[in-house]
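Please open the model in your viewer, with the chain drawn as a cartoon and side chains ready to be switched on. The tour goes from one selection to the next and says what is to be found at each stop.

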Amino acid sequence: MTSTAESTRELLLSRIRDVADYPKPGVVFKDITPLLADPVAFTALTDALAELCVRHGATKIVGLEARGFILAAPVAVRAGLGFVPVRKAGKLPGATLAQAYELEYGSAEIEIHAEDLVAEDRIMVIDDVLATGGTAEASLELIRRAGAQVAGVAVLMELGFLAGRTRLEPGLRGAPLEALITV
């Protein structure tokens, strides 16, 4: 890791607040709102993610609902790329592609407007946190079903102890998974 990357990592980490026992007892929630409120840290995050998109040849960015939207939209603007939201089922108007996935207790479904992606597109998926990997895995399937290619996945923070990287590896099919911070 370069000294610039390390200083960015330290800045980002310094702006992430641990909230004990949220949303339930025993969980330490990683709150990124202080990072978002700090223009220097938010700019550093946006620049780092935009650089990854350019490096991996992305032509569009997919942001995962909901915090992924907050990160992906300014990254798309900074990198000069289009932004395509992946939403919870029933939130997008018109024709969509849907993908169900398993959660720890139950299942969920996400959707995308397929017409926003074309075969020539190389999509970088951006989210705030990689936890168990279910939503990211489902988004990769949606991107491919829409006919586009996966350039990679980039997240602010990976919760390594939840093994999301392991779950996501088969769906990446060799595309990179970039985490600016791993805890």
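A residue is called buried here when its relative accessible area is under 20%, and exposed when that area is over 50%, with partly exposed in between. Keep in mind throughout that this is a predicted model.

Begin by selecting α4, residues 67–79. This helix has 13 residues and reaches 19 Å from its first C-alpha to its last, close to the 18 Å expected at 1.5 Å a residue. Now switch on the side chains of Leu-71, Ala-72, Val-75, Ala-76 and Ala-79, and mark Gly-68 as well, for these are the buried residues of α4. They lie on the same side of α4, because the arc that they cover around the axis is only 130°. To see what they pack against, add α2, α3, β3 (60–64), β4 (82–88), β7 and β8 to the selection. Just past the end of α4 comes Gly-80, whose phi is positive, near 70°.

Next, keep α4 and display α3 (39–55) beside it. The two helices pack at an angle of about 65°, their axes being 8 Å apart, and their crossing is right-handed. On the α3 side the contact is made by Phe-42, Thr-43, Leu-45, Thr-46, Asp-47, Leu-49, Ala-50, Cys-53 and Val-54, while α4 contributes Ile-70, Leu-71, Pro-74, Val-75, Arg-78 and Ala-79. Coloured by chemical character, the residues of this contact divide into eleven nonpolar, two polar and two charged.

Move then to α1, residues 3–14, a helix of twelve residues that reaches 16 Å from its first C-alpha to its last, close to the 16 Å expected at 1.5 Å a residue. Which of its residues are buried? Select Thr-8, Leu-11 and Leu-12, which are the buried residues to look for in α1. They are on the same side of the helix because they cover an arc of only 95° around its axis. Their packing partners are α2 (33–37), α3, β8 (149–158) and β9 (177–182).

Two peptide bonds deserve a stop of their own. The bond from Tyr-22 to Pro-23 is cis, with omega near 5°, and Pro-23 itself sits in the loop between β1 (17–20) and β2 (28–31). The bond from Glu-65 to Ala-66 is also cis, with omega near -5°, and Ala-66 belongs to the loop between β3 and α4.

Now centre the view on Ala-114, in the loop between β6 (106–112) and β7 (122–130). This residue counts as partly exposed because its relative accessibility is 24%. Once its neighbours within four places in sequence are left aside, Ala-114 is in contact with Leu-97 and Ala-146. A distance drawn from the C-alpha atom of Ala-114 to that of Val-84, 30 residues apart along the chain, comes to 9.7 Å.

Finish with the backbone around α6 (164–172). Ala-163, in the loop between β8 and α6, has a positive phi of about 60° although it is not a glycine. With 40% relative accessibility, Ala-163 counts as partly exposed. Arg-173, in the loop between α6 and β9, is another residue other than glycine with a positive phi, near 50°. Is Arg-173 buried or exposed? At 60% relative accessibility, Arg-173 counts as exposed.

Definitions and conventions:
Residues numbered from 1 in each chain as written. Predicted model: local features only at pLDDT ≥ 70, side-chain atom pairs only at ≥ 80, totals over all residues. Heavy atoms only, no water. Helix = DSSP H or I, 4+ residues; strand = E, 2+ residues; numbered from the N terminus. Expected span 1.5 Å × (residues − 1). Buried < 20%, exposed > 50% of the residue type's maximum accessible area, 1.4 Å probe, protein only. Arc of directions from axis to C-beta. Contact = heavy atoms within 4.5 Å. Axes fitted to C-alpha atoms, helices over the stretch in contact; angles between N-to-C directions. Left-handed = near helix turned anticlockwise from the far one by under 90°. Nonpolar A, V, L, I, M, F, W, Y, C, P; charged D, E, K, R; others polar.
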